[in-house]
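Reader: I should like to learn how the features of a protein model are read. May we work through them one by one?

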Amino acid sequence: MEIDGFWTIVDQARDDAGVTTGPFDNTAVAEALIARLAMLSHDEILDFDDLLGDVTARLDTWNVAVACQLITGYISDDFYSSFRAGLVGLGRRTVEQIFADPDCLAGHPVVIDIAEGRRERMSLESEELLFAASSAYAQISGGDEDAFWDAADARHEAGRSGEVLRRDWEPSADDAERVVERLPRLSALLPPGRWESEPKPAKAAPQPDPHERCPLCGNALTAHSVGSSSRRDDGTILTREFRRCMDCSRMVERTKHVDSWDAWRETDPAEHDHLVRVQILLAL
């Protein structure tokens, strides 16, 4: 699949969702996209996901990160990934305009509606679109939710894709002074600090997983988990899954070996630097 084919599928999904002639709804776009992708072959779905990664990588810039903060009042690694995927839901023409100048978002009807209170400020974030390929892949794989990740890992190990892209920018203490200069229209429409008085997005209460038990106290683990994958020196992928216990609040982990998981064990607290982000994501 080439980039033109990628955008054809996205724009067809937008048509299917009715957002080209009616109100924008990223959830509807994601659902329509999953339905479109489920009509493709396994390899074509993987191709689509690779291209989605290429597009969102191009959107990973200082200006887009600040646009995310101005529009939503919030940013984290996971949320920023979902925000960039949500921008893809706006269609090819808009994304190409954002590539050229992220400040163009100030003129987009969705952003104007957010600024004027007619639309919820998280309207552009779309975790569903970010994982549309994995959802479609599971549908055509008999509901196997691991099938996509196993196939993606195999493809990346074979060298077809999967190179880790590093940002060419890092935020600094002086960023606030650059916002008005770099994003004049967007910062005028949604000034920095606009959302400070607004409550942060509510976090859903953690739910227990009835099938997974804490190895330390025997009580249920959270259904929510955080994954961590890294490449060993020999080229193989090490995949770890982390969860918290609903009762003792200890963090536990397990490791994937080929196509099966080993037993849950307590996570070594000495791995502090590696696990700070995992601890935050699993905070109860």
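Reader: Which residues do ring pairs link into a cluster?

Author: The general idea first: a pair of aromatic rings is described by the distance of the centres and the angle of the planes. In this model, which is predicted, ring pairs link Phe131, Tyr137, Phe148 and Trp149 into a cluster. The count of aromatic pairs comes to six.

Reader: How is the pair of phenylalanine 6 and tryptophan 7 classed, by the distance of its centres and the angle of its planes?

Author: The ring centres of phenylalanine 6 and tryptophan 7 are 5.0 Å apart, and the planes stand at 80°. Planes over 60 degrees apart count as edge-to-face, so this pair is edge-to-face. Phenylalanine 6 is buried, with a relative accessible area of 0%, and tryptophan 7 is buried as well, with 3%. Tyrosine 74 and phenylalanine 79 also form an edge-to-face pair, at 5.1 Å centre to centre and 75° between the planes.

Reader: Are tyrosine 74 and phenylalanine 79 buried or partly exposed?

Author: Residues under 20% relative accessible area count as buried, and those between that value and 50% as partly exposed. Tyrosine 74, at 32%, is therefore partly exposed, whereas phenylalanine 79, at 11%, counts as buried.

Reader: How many residues does the largest nonpolar core have, and which of them have the most contacts inside it?

Author: In soluble globular proteins, nonpolar side chains tend to be buried together. The largest nonpolar core here has 61 residues, and those with the most contacts inside it are Phe6, Leu37, Ile71, Leu87, Leu124 and Leu186. Helix 4, residues 62-72, supplies the largest share of this core, with eight residues. A second, separate core has five residues, including Leu221, Cys245, Val252 and Trp264.

Reader: Which residues does leucine 186 touch?

Author: Not counting residues up to four places away in sequence, leucine 186 touches Ala67, Leu70, Ile71, Asp103, Leu105, Ala106 and Val111. Ala67, Leu70 and Ile71 are also among the buried residues of helix 4.

Reader: How many of the residues of helix 4 are buried, and what follows this helix?

Author: Helix 4 is mostly covered, with 10 of its 11 residues buried. Among them are Trp62, Asn63, Val64 and Thr72. Glycine 73 follows helix 4 and has a positive phi, near 75°. Helix 9 is also mostly covered: six of its eight residues are buried, namely Ala132, Ala133, Ser134, Ala136, Tyr137 and Ala138.

Reader: What span should helix 2 have, and how far apart are its end C-alpha atoms?

Author: The span is judged from a rise of 1.5 Å a residue. For the 12 residues of helix 2, residues 26-37, the expected span is 16 Å, and the end C-alpha atoms are 16 Å apart, which agrees. At the N-terminal end, aspartate 25 caps helix 2, with a side-chain oxygen 3.0 Å from the backbone nitrogen of threonine 27.

Reader: Which residues of helix 2 are buried, and what covers them?

Author: Asn26, Ala28, Val29, Ala30, Ala32, Leu33, Ile34 and Leu37 are buried in helix 2. Their cover includes helix 1, helix 3, helix 5, helix 8 and helix 9. In helix 1 lies arginine 14, which counts as buried at 13% relative accessibility. Beyond residues up to four places away in sequence, arginine 14 touches Val29 of helix 2, and its other contacts include Phe24 and Leu90.

Reader: How do strand 1 and strand 2 run, and how many bridges join them?

Author: Strand 1, residues 208-213, and strand 2, residues 220-222, run antiparallel and are joined by three bridges. Aspartate 209 has leucine 221 in strand 2 as its bridge partner. This hairpin has six residues between the strands, and glycine 218 takes a positive phi near 85° there.

Reader: Where does serine 249 lie, and what is its phi?

Author: Most residues other than glycine have a negative phi. Serine 249 is not a glycine, yet its phi is positive, about 65°. Serine 249 lies in the loop between strand 4 and strand 5 and counts as partly exposed at 35% relative accessibility.

Reader: What do the totals for the chain come to?

Author: The secondary structure comes to 13 helices and seven strands. Buried residues make up 40% of the 284 residues. Of the contacts between residues at least 6 apart in sequence, 62% join residues at least 24 apart.

Terms used
Residues numbered from 1 in each chain as written. Predicted model: local features only at pLDDT ≥ 70, side-chain atom pairs only at ≥ 80, totals over all residues. Heavy atoms only, no water. Helix = DSSP H or I, 4+ residues; strand = E, 2+ residues; numbered from the N terminus. Expected span 1.5 Å × (residues − 1). Buried < 20%, exposed > 50% of the residue type's maximum accessible area, 1.4 Å probe, protein only. Contact = heavy atoms within 4.5 Å. Polar contact = N/O pair within 3.5 Å; in protein donor to acceptor, adjacent residues only side chain to side chain. Core = buried A, V, L, I, M, F, W, Y, C linked by side-chain atoms within 4.5 Å. Pairing = 2+ DSSP bridges. Phe/Tyr/Trp six-rings, centres within 6.5 Å; stacked < 30°, edge-to-face > 60°.
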